Structure formats: C-alpha cells, structure tokens
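Reader: I should like to understand how the terms used for a protein structure are justified. Would you go through some of them with me?

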Amino acid sequence: MKIGVLALQGDFALHAAMLAAAGADPVEVRSGSDLLPLDGVVIPGGESTTMSMLLRSAGLVEPISGALSDGMPALGTCAGMILLAKEVTDGRADQISFAAIDISVRRNAFGRQAESFEADIDIGDGEPLRAVFIRAPGVEATGSEVEVLGRLAFGPRANEAVLCRQGAVMACSFHPEVSGDARIHELFLQHC
Amino acid sequence: MRAMPESHAGQSSGAYEARGTFRVKRGLAEMLKGGVIMDVVTPEQAKIAEDSGAAAVMALERVPADIRAQGGVARMSDPELIEGIKAAVTVPVMAKARIGHFAEAQVLQSLGVDFVDESEVLTPADGVNHIDKWAFTVPFVCGATNLGEALRRIAEGAAMIRSKGEAGTGDVAVAVTHLREILGHIRRLGSLDQAELYAEAKNLGAPLQLVEEVAKAGKLPVPLFCAGGLATPADASLVMQLGAEAVFVGSGIFKSSEPARRARAIVEATTHYADPAFVAKVSRGLGDAMSGQDASKAAEHLAERGW
C-alpha cells in the first residue's frame with residue numbers, strides 16, 4: 001500500500017517510519033508528481049503557517065484538494081489536523097484549509113510549549129494510549145458525520161475530543177508518530 | 001551524571017498529564033524539522049519571518065553580526081522585547097541564555113518562551129559548567145562542534161543539537177566542518193565493536209550509554225540542526241544534503257538587502273534541498289546577501305566558547 005507523506009516541513013520522517021513499521025510503503029510528497037497513484041496521504045505535525053506557504057509554492061493545493069474530494073484517505077496530526085479541518089478559528093487569513101473533515105479547530109488551544117504535555121487517551125479498545133500534545137490544536141465542534149474515536153481520559157480536559165474520523169479522513173490533535181504507539185497508523189491503514 | 005533521556009521519558013508514564021517530559025521537549029524539536037528558524041530583533045521582523053514561512057523565530061536584541069561588530073558583553077534579551085515578539089507571531093519563539101547562566105534560563109522559562117538556546121553567541125557566564133537542563137520544563141537547544149560535545153549537551157538534557165558554525169560571519173564553512181565532524185563520527189561509531197566503544201566513550205568524553213545508543217541507532221537521540229553562517233538558499237541546500245534536519249539563519253536574513261524574499265527563498269530551498277532546479281529558481285534576483293567575512297579571519301571565534 002503506497003501512502004504519501006507530505007514532506008514540506010515537520011516530522012514527516014517519523015510518520016514514514018511508523019507507516020513502514022505497520023507494513024505500508026511510505027512515499028515523500030513534495031510536488032504534484034509525487035502524488036499519484038497513492039492509497040492515502042498523511043499530513044504531519046509541524047507549523048501550519050509554514051506548510052501553507054510551501055503547499056502554495058510547490059503547487060500542491062489543487063492536486064491534494066482534488067485527491068481528497070475524490071475520496072483519498074487522509075490522516076492529519078496536529079498541524080495536519082488544522083490543514084484538514086473545515087474551519088479554523090483564529091487562523092491566519094492565508095491559511096490553507098482542505099475542509100476534508102467537518103470539524104472546527106482552534107490553533108494552539110492547549111497553549112504554548114510550556115503547556116505541552118503527554119497524557120493517556122481512550123480510543124475505545126480498553127487499552128489507554130499515551131499521547132503527546134505539542135502546542136496542540138483543540139477540537140471545538142464536530143459535524144454530524146464526524147465520529148469521535150479518541151478522548152482525553154483524565155484531568156481537567158477529560159472527555160475532550162482529540163481523535164476524529166469522517167469516512168476515510170482521520171485527524172488527531174496529538175502526535176502518534178512521536179510516542180511510537182502504532183495503533184493510530186494501523187487504524188488509518190484499515191481505511192486505505 | 002543524571003539519568004539518560006529514555007529513562008526520563010519513562011518517568012512520565014501514568015494516567016495524568018505530564019508536562020516538560022523529555023518526549024514533550026524533543027517533540028517540539030521534531031516539529032521544527034525541515035524548517036528554518038530565523039533571528040529577529042523586533043516584532044516587525046518577526047512578522048516578516050512568519051509571513052516568509054519561518055518555522056520558529058529566535059528573539060534577540062542584536063543579531064550575531066552586530067554582537068561581533070559592537071563587542072562588549074552579550075546577554076539575554078530584555079523581557080519586554082521577547083514578549084513583544086511572542087505577541088506578534090503564532091510560530092514558536094526561542095530566546096538565548098548565556099552558557100551556564102541558569103538564572104537567565106529561568107527568566108526565559110518564566111516568560112513562556114518555547115525553546116531556550118544556551119548559546120555561545122552570548123558571552124559565557126560559567127567557564128566550567130553548562131546549565132543543568134533536566135531541571136527545566138522548557139526544552140533547550142545547544143551548539144556543538146563535534147560528537148563528544150553534542151553528547152555531553154544531551155547528557156545535560158538538551159532536546160536539540162545544532163552545529164555552532166561561526167555565527168555572524170555569513171561564511172558557512174565552519175558549520176560544514178562541525179556537521180561533517182558530528183555526522184562522520186556517528187558513521188564511524190557504527191563500525192566499532194563493543195570493546196572499542198568503551199575506549200571511544202572515553203575519547204569522546206561522553207557517557208558510555210549515549211555512545212552505545214548512537215552507535216546502534218546511527219544518529220543522535222535528538223534532532224540535529226545546522227547553524228552558524230548560513231546566508232543563501234544554496235547554503236541551506238548544502239547543509240541539508242550533508243544531513244542537517246533543519247537550519248537556523250541568524251544575521252543572513254535581516255543583514256541582506258531584501259530580507260522577506262531571501263527568507264522565503266531559504267525556506268523553500270530547505271524543503272526542496274535535493275532539487276537543484278528548484279534551488280536555482282528560488283535563488284534568482286534576491287539582491288545582495290549579507291557581505292560577511294571569511295570565518296577563518298574573524299577576530300573572535302565564537303565556536304570556541306563552550307566545551
């Protein structure tokens with residue numbers, strides 16, 4: 001299974017390693033010609049403003065938009081969640097939004113690096129998943145077609161949605177590629 | 001010496017939220033990979049940097065080229081300046097503390113900066129000891145000229161290593177030397193047997209456990225970025241091809257004739273570093289690069305600060 005990993009900026013190499021370990025064939029995507037044919041695409045963590053600028057200059061906005069509208073499965077983590085979301089509250093005017101999943105997200109909702117944290121989340125399989133949140137976005141609203149697959153398990157933000165899926169598009173506010181737990185990537189690959 | 005990174009990551013297990021764990025610190029370094037971190041001295045410059053695609057900005061009062069020119073003791077920046085820059089942008093903000101000056105680092109942590117650079121660009125405050133970085137929740141980046149130095153900084157808790165290069169010169173030669181020194185040494189470690197690793201740890205002046213970890217993994221346990229003298233898109237392409245995972249550009253942007261265009265071009269060249277036609281395209285018509293100076297003829301070699 002060929003899975004593209006958007007490799008403009010961010011921790012794309014960690015995603016590629018996770019995908020390879022889960023048995024997929026990761027392909028770095030830096031231009032439109034890297035995009036086809038793919039069975040899915042991962043948009044990694046990084047800076048969404050930087051990625052927005054680079055998506056435009058590499059001519060990738062149209063091809064990725066088109067592929068997503070044609071139903072290409074996608075996984076976005078952190079900055080990737082922001083890029084896939086339908087609505088970004090307090091985002092920059094020039095921020096790219098692929099609107100592939102009907103959620104409303106707020107950038108840096110969990111605060112700056114001083115507030116970054118790791119915590120257990122519940123993804124419904126009875127086994128807590130240790131999730132790493134880095135200057136993470138927060139999910140403020142989800143559309144009726146969106147299924148919440150993961151929530152913070154404990155603490156003041158218990159039950160807050162951190163992993164969402166709509167059809168073949170998944171988005172999470174944490175970094176499964178950093179903690180090394182392969183369950184999120186495996187879940188994504190089931191839909192590719 | 002204190003515990004190694006992996007055991008630090010382990011201490012964070014448990015149901016509740018844990019801040020400032022090594023994994024959370026290294027996590028931000030991972031997010032900056034493939035990006036450009038730009039020196040800025042005003043909120044306006046910070047905006048220009050962010051608009052040009054900077055993955056983070058380094059807030060400081062004087063860029064290294066001016067520190068070199070003006071001399072005197074270089075210290076942590078005024079908190080007011082750092083706060084102004086924090087308010088101007090949404091990307092992460094870094095700031096520099098003097099080598100060994102843990103009180104400056106405490107101040108920077110209390111200001112909520114996202115990363116502290118324990119930097120040889122400022123005048124060192126301790127001639128023997130670096131900061132105990134495990135004592136902080138804010139992540140640290142430290143400079144290194146060779147593998148032993150990099151591993152000593154990691155043992156002290158650094159979540160990111162950057163080459164020192166020769167800051168403020170616009171001459172990339174010293175950064176290339178440091179990168180090759182670190183990465184070449186990592187490659188050579190992979191050919192040593194266990195008996196030789198004990199002796200090599202002694203030669204490196206680095207903890208055996210880290211030396212073994214690097215020999216096995218073939219890379220540092222934290223991201224390795226490049227800094228010190230980068231001034232052009234081709235400089236970024238060069239160091240990324242050599243194996244840097246991201247770049248810092250200090251004086252090279254705002255000491256050039258067209259900072260916004262040059263900043264953007266360096267960001268694009270860092271992403272498309274392996275595509276010479278792309279680097280050529282973004283290198284066109286950028287105006288004058290910072291004039292700079294031959295690093296070997298610089299009056300003061302900042303890279304020799306720290307050990």
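Author: The answers below set values from this structure against the definitions of the terms. This is a predicted model, in which local features need pLDDT of at least 70 and side-chain atom pairs count only at pLDDT 80 or more, while totals for chains, interfaces and linings use all residues. Residues are numbered from 1 along each chain as its sequence is written, chains are lettered from A and ligands numbered from 1 in the order in which they are written, and side-chain values use heavy atoms, with hydrogens and water left out.

Reader: Why is the pair K96(B) and D117(B) called a salt bridge?

Author: The term requires a side-chain nitrogen of Lys or Arg within 4 Å of a carboxyl oxygen of Asp or Glu. The closest N and O atoms of K96(B) and D117(B) are 2.9 Å apart, so the pair satisfies the rule. K96(B) belongs to strand β4 (residues 93–98) of chain B and D117(B) to strand β5 (residues 115–119) of chain B, so the salt bridge ties together parts 21 residues apart in sequence. Strands (E, at least two residues) and helices (H or I, at least four) are DSSP runs, numbered from the N terminus.

Reader: How do you know whether K96(B) and D117(B) are buried or exposed?

Author: Buried means under 20% relative accessible area, exposed over 50%, and partly exposed in between (1.4 Å probe, protein chains only). K96(B) has 9% relative accessibility and therefore counts as buried. D117(B), at 0%, is buried as well.

Reader: What makes R106(A) and E140(A) a salt bridge, and which class of accessibility do they have?

Author: Their side chains meet at 2.8 Å, N to O. R106(A) lies in strand β6 (residues 101–106) of chain A and E140(A) in strand β9 (residues 138–142) of chain A, 34 residues apart. R106(A), at 31% relative accessibility, is partly exposed, and so is E140(A), at 45%.

Reader: How many salt bridges are there over all chains, and how many between chain A and chain B?

Author: The count over all chains is 34, and between chain A and chain B it is five. One salt bridge joins R92(A) and E50(B), at 3.1 Å from N to O. R92(A), D94(A), K47(B), E50(B) and D51(B) are linked in a network of salt bridges.

Reader: How do you know that chain A and chain B are in contact?

Author: Contact means heavy atoms within 4.5 Å. By that rule, 39 residues of chain A are in contact with 44 residues of chain B. The buried area, which is the accessible area (1.4 Å probe) that two parts lose on being put together, summed over both, is about 3300 Å². Carbon and sulfur atoms give 53% of this area.

Reader: Why are the buried residues of helix α10 of chain B said to line one face?

Author: In this helix (residues 208–217), L210(B), V211(B), V214(B) and A215(B) are buried. Seen down the axis of α10(B), these residues fall within an arc of 135 degrees, so they line one face of the helix. The arc is that of the directions from the helix axis to the C-beta atoms. As a general rule, an α-helix has 3.6 residues a turn, so residues three or four places apart point the same way.

Reader: What follows just after α10(B)?

Author: G218(B) comes just after α10(B) and takes a positive phi of about 75 degrees.
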